[in-house]
Amino acid sequence: MNSLTTLILWVFLSSSALTTFIINGVEASHNLYMHLQSSRPPVNVNQLHRTGYHFQPPRNWINDPNGPMYYNGIYHLFYQYNPKGAVWGNIVWAHSVSKDLINWKTLPNAIYPSKPFDKYGCWSGSATILPGNKPVILYTGIVDEKNTQVQNYAVPANLSDPYLREWIKPDNNPLIVADKSINKTAFRDPTTAWLGRDRHWRLSMGGRRRHRGIAYLYRSKDFIHWVKAKHPLHSTARTGNWECPDFFPVSVSGKNGLETSVMDPNVKHVLKVSLDVTRYEYYTLGTYKNDKYIPDKNMIDGWNGLRYDYGNFYASKSFFDPSKNRRILWGWANESSSTADDIKKGWAGIQLIPRTIWLDSSGKQLVQWPVEEVETLRGKKVELKNKKLVKGERIEIKGITAAQADVDVTFLFDSLDKAEPFDPSWDRHDAQKLCGHKGSTVQGGLGPFGLLTLASKNLEEYTPVFFRVFKDHDKYLVLMCSDASRSTLRDGAGAYRPSFAGFVDVDLTEKKLSLRSLIDNSVVESFGARGKTCISSRVYPTLAIYDNAHLYAFNNGTQTVKIDSLNAWSMNRPLQMNN
Ligand code: DQQ
C-alpha cells in the first residue's frame with residue numbers, strides 16, 4: 001500500500017463523515033457540478049489528444065462500460081454518459097454496436113431517466129441472456145435526491161431489430177429494493193446473473209456496511225422475484241464501498257472463456273471489485289460453493305490485491321463471447337487532466353481496448369491480451385532484430401506514426417547477475433512509489449530498459465514504459481513502470497502524472513522479457529510479459545503530438561540487453577468510430 005493510500009485509509013477509517021476523495025485522477029463519490037449540468041454540448045470539441053482507435057463518443061463525459069454482450073452477431077457496448085457536458089452528471093446508458101469490436105456505430109441512448117424508479121439517474125449494470133436467447137439488462141436506478149438506489153430491469157422493445165435500439169423498462173420495476181439492513185445509498189451495479197444447479201438465478205451487487213465492502217447475493221426462480229440470500233457472496237473488512245463487482249468462472253486449463261453459469265470442477269471463480277475509496281480495482285481467484293465465494297489462501301483480499309491494470313483502469317466488466325469462445329474485459333480510463341481542462345476540451349473518458357482474459361497456467365493470476373481484432377488496424381510495419389542496447393543507449397524506432405502505434409518487443413539478456421539488490425526497507429506492495437523513486441533515468445543493473453513512448457525529439461516530454469529487475473535473496477523481482485511524470489511540459493493545474501507500476505510474476509529462466517504497448521495520442525496501454533502485468537496511463541504531451549511524436553527503445557542499466565525482436569505498426573483509425 002503506498003503512502004498516499006495509507007493516508008487515505010487512515011482518514012477513511014477515522015472519519016465516516018468524509019465521503020469525497022480525489023485519487024487516481026478520479027473522484028471517489030458522485031460529485032455533482034450543479035452549474036455544469038445543463039451546459040450545452042460545446043460546438044467545438046478540441047481534437048488534440050483525442051484517441052485514434054480507442055473507443056470514444058464524439059463529445060462529453062463517459063465512464064463505466066455497461067452491459068457488454070454479444071447477441072446475434074453484434075457486440076453491444078453501453079456506457080455511462082452525460083449527454084450534456086464533459087463532467088459526470090445526468091447519467092444515461094449510451095449505446096454503440098459493432099460487428100468486430102473495432103468499428104462502432106452510435107445508437108440513441110438506450111436507458112435514461114424516465115420513470116419514478118430511475119428519475120435521478122440510470123447507473124451501472126450488466127446484461128444477461130436468458131434461455132430462449134432473450135437479453136435483459138439489470139441496472140441501478142436512483143429514485144430520489146438522497147441517492148437511494150434500487151435495481152431495475154429493461155428488455156428490448158423489438159427482438160427482431162438487429163441493433164436492439166429501443167429498450168423498455170416494465171412497470172413491475174424496481175425488481176430489488178434495499179431491506180433495512182442495507183445501506184441504500186451504497187447498493188448498486190448488478191452483475192450478469194448466473195444459473196445455479198437448482199435452476200435458480202443468482203446475481204450480485206456492490207455495497208458496504210460501515211467500512212466493510214460487500215458483494216450482496218440475490219436469488220430468483222423467475223428473474224422477476226428476487227430474494228436476498230442469508231449471506232453475501234463475499235465481504236471484506238476495511239475495503240470501503242464496493243462498486244461494479246464482476247463474478248465469473250475461468251477454466252483451469254487453456255485460454256477459452258466460459259459462460260457465466262458454468263460450474264464444474266475444472267473452473268476457478270474470479271471476484272473483481274472496484275474500490276470507491278481508492279478508485280482502484282482488485283480481484284481474487286477462489287472457489288464458489290454453496291453460494292459463497294472463498295478466495296484461495298494465497299490471495300490478498302484487500303487494497304493490495306492483484307489488479308487487472310496498475311494504471312488508469314476502473315469500473316471494468318467482462319462478458320462471454322460465444323462467437324470466439326473467449327471472455328472479454330472492458331475497462332474505463334478516465335482523464336488525468338483537471339475538470340477545468342476537460343470542460344475546455346469538451347470530452348472526458350475513453351474505454352480501453354477490450355482484452356481477452358484467462359487464467360495463467362500457474363493458477364495464481366489472470367492474463368490479459370488485446371483482442372485479436374485490434375490487429376486489423378495495423379498499417380505500416382517496421383521491424384528490428386538482434387539489436388544490442390548497451391548501457392545508456394537509446395535507438396529510435398522510425399518509420400511509423402509514433403503517436404498512434406502498436407509495438408511488441410522482446411528483450412533478452414545474457415545474465416541476471418547485475419540485478420540490483422532489493423532493499424528490504426522498500427514496500428513490496430508499493431510498486432508505484434518504487435517506480436517514482438527509481439525512474440527510467442536512474443541507472444540500474446539489469447534495467448531500466450524498455451520503450452520511451454510519446455516522446456518529443458529532444459526528450460523534453462516522454463512516457464517511459466520499462467522493466468527493472470531486482471534480486472531479493474534467491475529470487476528476482478521484476479518491476480514494470482509506466483511513468484507519466486515527464487509526459488508533458490504543460491504544468492496544468494490539477495493534472496495527475498503518476499509513476500504507475502506493478503510487479504511482474506514471471507519466470508526469468510529464459511532471460512527474456514516482453515512488452516507490448518498500444519499508443520494512442522493520450523493513452524499508453526501496456527502489457528508486460530505477454531499480459532501478466534498491465535498498466536494504462538493517460539498523458540497530454542504538448543510537443544510529442546501527431547507527426548512530432550517519437551518512439552525509442554532504451555537501456556539505462558549496466559547489463560547490456562538485446563532486442564531479440566521488435567515489431568511496430570502504425571495504427572489506422574477504424575472506418576467508423578461512433579460517427
Ligand atoms: N459509476 C456509476 C455507478 C458506479 C460508479 C455511476 C463506478 O453505478 O458505482 O456513474 O464508477
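**Exercise 1. A pair of strands and their sheet**

Task: In this predicted model, find in which sense strand β5 and β6 pair, and over how many bridges.

Solution: Begin with strand β5, which covers residues 92-98 and pairs with β6 in the antiparallel sense over four bridges. Within this pair, His95 can serve as a landmark, for it stands opposite Leu107 in β6. Next, place the two strands in their wider setting: five strands form an open sheet in the order β6-β5-β4-β3-β23, and the pairing in that sheet is mixed. Finally, look at the edge strands, which are β6 (105-111) and β23 (347-348), each of them pairing on one side only.

**Exercise 2. The surroundings of the ligand**

Task: Work out which of the 13 residues around the ligand come nearest, and which atoms of Asn63, Ser124 and Asp189 lie close to its oxygen atoms.

Solution: Start with the whole group of 13 residues around the ligand, of which Asp64, Gln80, Trp88, Arg188 and Asp189 come nearest. Then take the contacts residue by residue. In the side chain of Asp189, an N or O atom is 2.5 Å from an oxygen atom of the ligand. The side chain of Asn63 likewise has an N or O atom at 3.0 Å from a ligand oxygen. For Ser124 the backbone is involved, with one of its N or O atoms 3.1 Å from an oxygen atom of the ligand.

**Exercise 3. The largest pocket**

Task: Explain why the largest pocket lies between domain 1 and domain 2, and describe the lining of this pocket by class.

Solution: First consider the volume of the largest pocket, which is about 1200 Å³. Its lining is made of 41 residues, and Ile300, Leu306, Tyr310, Phe503 and Asp505 are those that lie nearest the centre. Sorted by class, the lining has 18 nonpolar, 12 polar and 11 charged residues. Among the elements, β19 (281-289), α3 (431-437), β33 (475-483) and β34 (499-504) each supply at least two residues of this lining. The last step concerns the domains: because domain 1 (3-38 + 62-370) and domain 2 (378-571) both give residues to the lining, the largest pocket lies between them.

**Exercise 4. The largest cavity**

Task: Determine how many cavities of 30 Å³ or more the structure holds, and how the lining of the largest cavity divides into nonpolar, polar and charged residues.

Solution: The structure holds three cavities of 30 Å³ or more, and the largest cavity contains about 40 Å³ of space. The residues that line this cavity include Tyr53, Phe55, Trp104, Trp330 and Met577. Dividing the lining by class gives 10 nonpolar residues, with no polar and no charged ones.

**Exercise 5. Backbone details in the loops**

Task: Locate the loops that hold Pro174, Pro448 and Arg199, and describe the backbone there.

Solution: Take Pro174 to begin with, which lies in the loop between β10 (167-168) and β11 (187-188); the peptide bond leading to it from Asn173 is cis, with omega near -5 degrees. Another cis peptide bond joins Gly447 and Pro448, where omega is about 5 degrees, and Pro448 is found in the loop between α3 and β31 (449-455). Arg199, in turn, belongs to the loop between β12 (194-195) and β13 (201-209), and although this residue is not a glycine, its phi is positive, at about 65 degrees.

Note on methods. Residues numbered from 1 in each chain as written. Predicted model: local features only at pLDDT ≥ 70, side-chain atom pairs only at ≥ 80, totals over all residues. Heavy atoms only, no water. 1 Å grid on protein atoms, 1.4 Å probe; cavity = no way out; pocket = protein on both sides within 12 Å on 5 of 7 lines; lining within 4 Å. Points joined across faces, edges and corners; volume = space filled by probe spheres on them. Nonpolar A, V, L, I, M, F, W, Y, C, P; charged D, E, K, R; others polar. Domains from an automatic or database assignment. Pairing = 2+ DSSP bridges. Near = heavy atom within 4 Å. Polar contact = N/O pair within 3.5 Å; in protein donor to acceptor, adjacent residues only side chain to side chain.
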